[in-house]
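Here is a short tour of one chain, meant to be read with the viewer open. Feel free to rotate the model as you go.

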Amino acid sequence: MMFSIIHALCDIVYPRLCAVCGNWVGAGGQTLCWDCRTRLHWITPPFCRCCGDPAEGVATHAFECGFCKRSPPAFDCARSLLRYAGVCGTLIQKFKYANACWTAAEMVQWLETGARLHFPVAQIDGVMAVPLSARKQRERTYNQSHLLASGLSRRLRIPYSDGLRRCRYTISQTHLNMMARRRNVRGAFTVRIPEWVLGRRILVIDDVMTTGATLNECARILRLAGATGVYALSVARG
Ligand SMILES: [Zn+2]
Ligand SMILES: [Zn+2]
């Protein structure tokens, strides 16, 4: 009750502004104004049952995309919530590069809904984040995936562990194709504490999944360390 009153007073004194367009967010909103919110492109079926890559048209049954058939990923299942374009793209850019850490709270709520919808949450033992290299972490001062994963772990009441470490710097993947991306990230991660992984099912969180090469490599390392299941969830799909 007291929290709600303080919240309402703060909204009057410091009206919240949309993280994307700067307009007033309005009552009940958190991060985006109503107009920006309606322009989010949520990912809906059909999508690959393994990597979650959205497909055009109508599917009458569950299917795997061509890439998952040719090169099965190390994760059991990956899902993304939004298309990385327009409003979502701007939101993630501000979250990642412009210190808009306050936007994480609402994205965590979206992730919780997605995790409960797509994964057997009751069977998951731990939540982890895709780690940044030490250099990037120093430059950015925070790891956006860590903010999402730790927030999600609190909402799901599943322990968060800082279990993955990036052990080498990797070049930008922007201009690489799928197989080149897998080669680029191979050996980029290690498991910090094997006991946190052995015999456990892990949910790995990233802000954006493009080809899935990074999440695939995290899953491969977790599997090698004895994880019995790996699920991957991202806010956006590039
Ligand atoms: Zn807006
Ligand atoms: Zn696929």
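Which residue in E6 is the bridge partner of Asp206? The partner is Ser234. Bear in mind throughout that this is a predicted model.

**The sheet around that bridge**

The Asp206 bridge has company, as E5 and E6 run parallel and are joined by eight bridges. These two strands belong to an open sheet of four strands, ordered E1-E6-E5-E2, with parallel pairing. E1 and E2 (126–129) stand at the edges with a single partner strand each, so one side of each has no neighbour in the sheet. On average, neighbouring strands here are turned by 20° against each other, ignoring direction.

Two helices meet this sheet, and they are set side by side below.

| Helix | Residues | Strands involved | Angle |
|---|---|---|---|
| H5 | 104–118 | lies across E1, E5 and E6 | about 135° to E6 |
| H7 | 144–156 | touches E2, E5 and E6 | about 165° with E2 |

**The chain as a whole**

Stepping back, the chain has nine helices and six strands. Its radius of gyration is 18 Å, close to the 18 Å that the globule rule gives for 238 residues, so the chain is as compact as a globular protein of that length. The C-alpha trace spans about 55 × 45 × 35 Å along its principal axes. Of the 238 residues, 39% are buried. Among contacts with a separation of 6 or more, 71% are between residues 24 or more positions apart.

**The core**

The largest nonpolar core holds 64 residues, and those with the most contacts inside it are Leu148, Leu203, Val204, Ile205 and Leu222. Leaving aside residues up to four places away in sequence, Leu148 touches Ala104, Met107, Val108, Leu111, Ala129, Ile205, Asp207 and Val235.

**Helix H9**

Is H9 mostly covered or mostly open? H9 is mostly covered, with nine of its 12 residues buried. Among them are Ala213, Leu215, Cys218, Ile221 and Leu222, along with Thr214, Asn216 and Glu217. The cover over these buried residues includes helix H8 (178–185) and several strands, among them E1 (77–83), E3 (164–166), E4 (189–191), E5 (201–209) and E6 (229–237).

H9 itself runs over residues 213–224 and reaches 16 Å from its first C-alpha to its last, close to the 16 Å expected at 1.5 Å a residue. Just after H9, Gly226 takes a positive phi of about 105°.

Technical notes: Residues numbered from 1 in each chain as written. Chains lettered and ligands numbered in written order. Predicted model: local features only at pLDDT ≥ 70, side-chain atom pairs only at ≥ 80, totals over all residues. Expected span 1.5 Å × (residues − 1). Buried ≥ 20, exposed ≤ 12 C-beta atoms within 10 Å, placed from the backbone. Contact = placed C-beta atoms within 7 Å. Rg over C-alpha atoms; globule rule 2.2 N^0.38 Å. Core = buried A, V, L, I, M, F, W, Y, C linked by C-beta atoms within 7 Å. Pairing = 2+ DSSP bridges. Axes fitted to C-alpha atoms, helices over the stretch in contact; angles between N-to-C directions.
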